[in-house]
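Please walk through this structure, starting with the chain as a whole and ending with a few of its parts.

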Amino acid sequence: MDKFTELIGKLAGFLWGPWMTATLVGVGVYFTIGTKFLQVRKFPYIMKETIGSIFKNNEDKDSEGTITPFQAVTSALASTVGVGNIVGVASALVSGGPGAIFWMWVSAFFGMCTKYAEILLSIEFREKNEAGEYVGGPSYYMKKGLKSPLLAIIFTIALSFACIGGNMVQSNSISGTMNELFKISPYVTGIILLILVALVSLGGIKRLGKVAEKLVPFMAIVYVGGGLVVLLVNITKIPMAISSIFVGAFSSRSVIGGVGGYAVKEAIKMGIVRGLYSNEAGQGSAPIAHATAITDHPSRQGMWGVFEVFFDTMVICTMTALTILVSGVLETGGSPAVLASLAYGTVLPIFKYIVGISLVLFAYTTIIAIGYYGEALFSYLGGIKFGKLYRYIFLPFTFIGAIGGLQTIWGVIDVLMGIQVIPNLIAIALLSPIVFKRTNEFFNLSADKNSIVK
């Protein structure tokens, strides 16, 4: 078993080496240039048409889909906003120093256009299943757009099994948190969690959408609200924290007492890798949820991808980073798993529970979202009935993860994610002319008076 773990670790290290990081960012740069810096040029419009439109009646006779655009983005955010936003960011700070956050922002900036492209293509090549519901994602744009069913199958199998591993990791985080905060046995947590996941998962995408549109905003408000209190209490330290991020991005010198010796190379590596892990740009998972959205144009739903990466990294991850930096807990040498809790606890001891509750909610919504992804992927392979079989394969691992160790599982997940990312990046790069064409059509870059922008 030790040899297997070592082999998996080496393979994961190769797949997620510098070449993968450079490729992921490079694809984002390519789409940023190809869309003429869409995330900057159209940012106010994108925010208006996404988060600014959630309380409006957006029904359109020309729109088609299964769930609302907001339900689609909250379903996608349910998997995107997770443990990586708390523990992942803290880990980046510990390993890469404050400068890692700057490179996390850089990866998110370009990742906005990567995710925009993924979602646009998922709408462009989606189709209806036997139940009359819209389905789509990388498997479909690889098969229909690239005419490459082989790439589609490689992606589908890798991601469907990565979702099972992800389920175990998230459930383990929940049981660990519940045990630490409330001394609840992992076995008890595992049973309760299994029931709660089953209640949503067995209802398919429509139930996921209804739960996500209520739970995701709530958990974000709780976490960000608590973080704002920490920042207000330490408001005089915010300029120094921001300065440390920019200085640390280009300097190997310590900029905060007690934290030194960080090379620029490590800051870049940790910032980009943790950023991409958190916002999932280029991984091909979120487009599966977005493909079900009611929309009148692929570009309109693609804009939610820009918002999604912005909210996940620029808001949630930045909140975690700043609270850790201004509170001074980074110098304590604490584990990344507890740094955010320590930071919130500096205001009031009870505030550490905000982080714990947020982590539980983040992880729970991730489980139900990736459960749907796996079901959709199995449905692609063998139809709806085969897809429903995935539910019963997936659910037991919720309990297993809650009570088990995960050293080998982490490595297996990294390998599977690497395998899934490669065909997805190939697909969106080769299908980029469609992305650019549809973007120009939507935003009327050619000054066409019949633009679809309203």
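A residue counts as buried when its relative accessible area is under 20%, and as exposed when that area is over 50%; values in between are called partly exposed. By this criterion, 57% of the 454 residues of the chain are buried. The model is a predicted one. Its secondary structure consists of 20 helices and 2 strands. Of the contacts between residues at least 6 apart in sequence, 83% join residues at least 24 apart.

Helix α17 covers residues 352–382, 31 residues in total. At 1.5 Å a residue the helix should span 45 Å, and its end C-alpha atoms lie 46 Å apart, so the expected and the computed span agree. Burial can be judged for the same helix: 25 of the 31 residues of α17 are buried, and therefore the helix is largely enclosed by the rest of the structure. After α17 comes glycine 383, which has a positive phi, near 90°.

Next, the surface. The chain exposes about 18,300 Å², and 67% of this area is supplied by carbon and sulfur atoms. One nonpolar patch on the surface has an area of about 540 Å² and is made by Ile153, Ile157, Phe161, Leu381, Phe386, Leu389 and Ile393. The elements that give two or more residues to this patch are α9 (149–182) and α18 (384–403).

Isoleucine 393 is one of the patch residues, and it lies in helix α18. Is this residue buried, partly exposed or exposed? Its relative accessible area is 31%, so isoleucine 393 is partly exposed.

Technical notes. Residues are numbered from 1 along each chain as its sequence is written. This is a predicted model: local features need pLDDT of at least 70, side-chain atom pairs count only at pLDDT 80 or more; totals for chains, interfaces and linings use all residues. Side-chain values use heavy atoms; hydrogens and water are left out. Helices (H or I, at least four residues) and strands (E, at least two) are DSSP runs, numbered from the N terminus. Buried means under 20% relative accessible area, exposed over 50%, partly exposed in between (1.4 Å probe, protein chains only). Contact means heavy atoms within 4.5 Å. Accessible areas come from the Shrake-Rupley method with a 1.4 Å probe; for residues, only the protein chains shown count as cover. Patches are made of residues with over 30% relative accessible area and no salt bridge: like charges are joined within 9 Å, nonpolar side chains (Val, Leu, Ile, Met, Phe, Trp, Tyr) within 5 Å. A salt bridge is a side-chain nitrogen of Lys or Arg within 4 Å of a carboxyl oxygen of Asp or Glu. The expected span of a helix is 1.5 Å times one less than its number of residues.
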